[in-house]
Amino acid sequence: MAATITPIDSERDRKRRSEEYDHGSGRRPPNDTIDKRTGGGGDGDNFNNRPAGRRGPREKLGRYRLAIFFALAGDLIFFIALVSVFFVTQSTGHFDPYNQYINDWHPTTVPPILWLNTAALLLSSVSMEIARRRMFAESHAMEEWLGIGRPTSKRAMPWLVTTILFGAIFLLGQTIAWKQLTLQHVLFATSQSSHFFYLITYTHAIHLFLGLGFLAAALYGLYASRLLENRQILVDCAAWYWHSMGIFWLFLFVLLVFFQ
Amino acid sequence: MSASTSTILNLPDQTTATMPKRNYLNNEHGLLSWLFTGDHKRIAILYLISITFFFFVGGAFAGLIRLELLTPQPDLMASDTYNKMFSMHGIVMVFLFLVPSVPATLGNFLIPIMLGTRDLAFPKINLLSWYLYLAGGTFTLAALIFGGVDTGWTFTTPLSTHYLNTNVITAATAIFIAGFSSIFTGLNFIVTIHRMRAPGMTWFRMPLFVWAHYAASVLMVLGTPVLAITIVLVALERTIGIGVFDPTKGGDPLLFQHLFWFYSHPAVYIMILPGMGVISEVVSTFSRKRVFGYTAVAFSSVAIALFGFFVWAHHMFIMGVSNYSALVFSLLTMLVAVPSAIKIFNWAFTLQKGSITFETPMLYAFAFFGLFTIGGMTGVFLGALGMDIHLTETYFIVAHFHYVMVGGMLMAFMAGIHFWWPKMTGRMYPESFSKLSAVTSFIGFNLTFMPQFILGYLGMPRRYHAYPAEYQVLNVLSTAGATVLGVGFLLPLLYLTWSLKYGAIAGNNPWQATGLEWQIQSPPLTENFTEIPIVDHEAYDYEWLAHKTEQEVTTVG
Ligand code: HEM
Ligand SMILES: [Cu+2]
């Protein structure tokens, strides 16, 4: 047996209402058997009226988006923790051999190329957004539905490639920055602040590297996946991830440049 | 069933009853069909087997610890071996048993069914979580085989960063990986609860089990990343000495405590919240009443999750945080006990005037009430600054958290396993044996940990393998209790396995419970529902159930 449909039974309801003494013991739920099958999704799509799997064209997309949002919230906490550690370490000192309390935090000068990298990352976010919007352009989706090729993918593809290029430029720029620092003998182990410079840029670079993998998967998906919805999901989730990494970088960059 | 019987158990006639021909267990055959399954129910079973394994691994360490403490002299093992024993015990039990215990087994199995959907939102990620869990478990075992870790489960710096003879990195990797496993489980639950509820299943019609898991999932997703960065920093400190936690290099060992407890205090609620969810279901079913104050119980889960993030410094009162912040955290700590108390009171009112019956799950639930209340109250003692200075780092702490984690979570886990065993396997466990084991573990538990409160109050510090002779009597009591407790946990392993083949056939709804999971066959079909249900009643509506059964009888019979 599966469905638990109970017809609304007026006689049962009447019996229930007559038992007024029961109030407050919590034995009986309030307003039971009220049909609550409307608009649970909050966007007027009568989300709650249909079973899962039949909730409109963007149902699966909604699921993936929610997952990526929560995952990014977790990731945000990760970076917040990292930044807190940065500030705490920056402000604590220690006792030197002469028993004097000193704080020898010497800021690491940020290589100027980081400004260029930041610009590249910003541009990549722009092109990512264009690619994302292209995936959702309704006229394109319509053409696709009618069987006129795959305009959605085709029109998003170049922008996706642009994003990957800019992203790669950013990562390349980061490696150049690390090289420049190495030439100036600023290594990971050099000082307190260099630990953090590397730690922050490395962790962010790892995240971006994953993001590039994500984008590559989306690009591959544009060819491999036949369902428009799946392609949309891939590009959309990659985009939110990419944007967040961009915003995280902005914060981290400001931190490194102005708050060391 | 007449009203005067003392059980609500309602089994089908055993001479004619058969197991459903098609169910999730026999839908596909072979080992590979299990290892590559996307079915949340099968993954739950995989988890159940693996966490049981680690539970007994952790239990073996506990046994050795108690054996060493039988006598005041350090005669069983060397002192650093003893350190490894309690560290591995804590690591295995916390990260490989308690954190995944209820969510990954019962939660995985039940959340989709309770919400009226066919699977979790991301079945493959669910499977990935299990593999990550296994990888974490393997690294833990590796750390064990290479010689163990001796920092305690808290990885306290500078012990974990500077002391050389220990496998901190391996264990840290294990926890890092296992952390991702719980993040993915949490994400899966969150999305499923938000997006996959059956028509008519509004937020306030969800069983409280689901609410509790929602709160725990949020904690998993938002808390675990902090643990991840902490572990990375400890590993960096150990390998290349970056000096964030090392005062000689301008670091701050307190920082580690802040980071670790910022995760680990919420983590204790990750451990207890799902258990509280189980208790809500069990109490309601065996008192035949809707949970009193449904909304309050639901919101108290969320409140616990929220407040849980603001009390971490109560683990650091004597570590040199400022008096002012100790004061604030003391106050906040007492506040977080409020939502827990709300739950306890609401369950008590659920019992009031209920038609209570005493089947095994209910016995475990009663154990939970008593033990969790003691554990939570002693938590408030510890949250009071003056008391804590006397009691911290003594056996009082050990007793406190075992009362909440074993007396609370483990009892809830056992309650849940017994309660849903007929649903998961289609067969009943033997009732008399299980009652025996419930009573045994309750007695054994109190005998083990009650003396530890006294020991701690008298001043016996935790984590030492030798102690003054005057503490021996209480320690012997405690070890004796641990033996009884061990029997109490071994028994279920035996009779539950036995019942897989010889247990009575349970039928769809042996407890006459109202949850959606009880309205389908047991064991369920792979797809759970042949037709997605439309929910038109509130949770725990026993009249709805009676009405429905009545209708079925008149139409079928
Ligand atoms: C009900 C409210 C609770 C309060 C007010 C509370 C309070 C406290 C306090 C103040 C401490 C620190 C004692 C010290 O180290 O000096 C503590 C330790 C601890 N609590 Fe609780 N607690 C509560 C519930 C829980 C729950 C539900 C769990 C787990 C399921 C838990 C697990 C632990 C653990 C594991 C420790 C010791 C950690 C260690 O140092 O190894 N507590 N608790
Ligand atoms: Cu705590």
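In chain B of this predicted model, the loop that holds B:Gln512 runs between α16 and α17. B:Gln512 makes a convenient starting point, as phi at this residue is positive, about 50°, although the residue is not a glycine. Its relative accessibility is 22%, and because buried residues must fall under 20%, B:Gln512 counts as partly exposed.

Two further features belong to the loop between α16 and α17 of chain B. One is B:Pro523, placed between α16 (472–502) and α17 (542–556); the peptide bond that joins B:Ser522 to B:Pro523 is cis, with omega at about -10°. The other is B:Asp541, which also lies in the loop between α16 and α17. B:Asp541 has a relative accessibility of 2% and therefore counts as buried. The side chain of B:Asp541 reaches the backbone nitrogen of B:Trp544, at a distance of 3.2 Å.

A cis peptide bond is also found between B:Thr157 and B:Pro158, where omega is about -5°. B:Pro158 sits in a loop of chain B as well, the one between α5 (123–145) and α6 (159–162).

The metal sites come next. The iron atom of ligand 1 has a single protein donor, the NE2 atom of B:His400, at 2.2 Å. B:His400 has its place in helix α14 of chain B. The copper ion (ligand 2) has as its protein donors B:His265 through ND1, B:His314 through NE2 and B:His315 through NE2, at distances of 1.9 to 2.0 Å. Along the sequence, these donor residues of the copper ion follow the spacing H-x48-H-H. How far apart are the copper ion (ligand 2) and the iron atom of ligand 1? The separation between the copper ion and that iron atom is 4.4 Å.

Two of the copper donors fall into separate accessibility classes. B:His314 has a relative accessibility of 14% and so counts as buried. B:His315, in turn, counts as partly exposed because its relative accessibility is 26%.

The surroundings of ligand 1 can be described residue by residue. There are 24 residues around ligand 1, and those that come nearest are B:Trp153, B:Asp388, B:Thr392, B:His400 and B:Arg462. For three of these, pairs with side-chain N or O atoms can be given. An oxygen atom of ligand 1 lies 2.5 Å from an N or O atom in the side chain of B:Asp388. For B:Trp153, the distance from a side-chain N or O atom to an oxygen atom of ligand 1 is 3.1 Å. With B:His400, the ligand atom is a nitrogen, and the distance to an N or O atom of the side chain is 2.8 Å.

By class, the shell around ligand 1 consists of 12 nonpolar, 10 polar and 2 charged residues. Which helices of chain B each supply at least two residues of this shell? They are α9 (253–287), α11 (323–351), α12 (360–383) and α14 (395–425). The most is given by α12(B), with 6 residues of the shell around ligand 1.

Nonpolar packing brings α14(B) back into view. The largest nonpolar core has 241 residues, and B:Phe368, B:Trp420 and B:Trp511 have the most contacts inside it. Of this core, α14(B) provides the largest share, 22 residues. Helix α14 of chain B thus appears in three settings: it holds B:His400, it supplies at least two residues of the shell around ligand 1, and it contributes the largest share of the core.

Chain A completes the picture. This chain has 7 helices and 2 strands, and from the N terminus on its elements are ordered α-α-β-β-α-α-α-α-α. Chain A has 260 residues, of which 47% count as buried. Among its contacts between residues at least 6 apart in sequence, 72% join residues at least 24 apart.

A positive phi also occurs in chain A, at A:His185, where the value is near 60° in a residue other than glycine. A:His185 is located in the loop between α5 (151–183) and α6 (192–224) of chain A. Is A:His185 buried or exposed? With a relative accessible area of 63%, A:His185 is exposed, whereas B:Gln512 counts as partly exposed.

Definitions and conventions
Residues numbered from 1 in each chain as written. Chains lettered and ligands numbered in written order. Predicted model: local features only at pLDDT ≥ 70, side-chain atom pairs only at ≥ 80, totals over all residues. Heavy atoms only, no water. Near = heavy atom within 4 Å. Polar contact = N/O pair within 3.5 Å; in protein donor to acceptor, adjacent residues only side chain to side chain. Helix = DSSP H or I, 4+ residues; strand = E, 2+ residues; numbered from the N terminus. Nonpolar A, V, L, I, M, F, W, Y, C, P; charged D, E, K, R; others polar. Core = buried A, V, L, I, M, F, W, Y, C linked by side-chain atoms within 4.5 Å. Buried < 20%, exposed > 50% of the residue type's maximum accessible area, 1.4 Å probe, protein only. Donors = N, O, S within 2.8 Å, 3.2 Å for Na, K, Ca; no water. Contact = heavy atoms within 4.5 Å.
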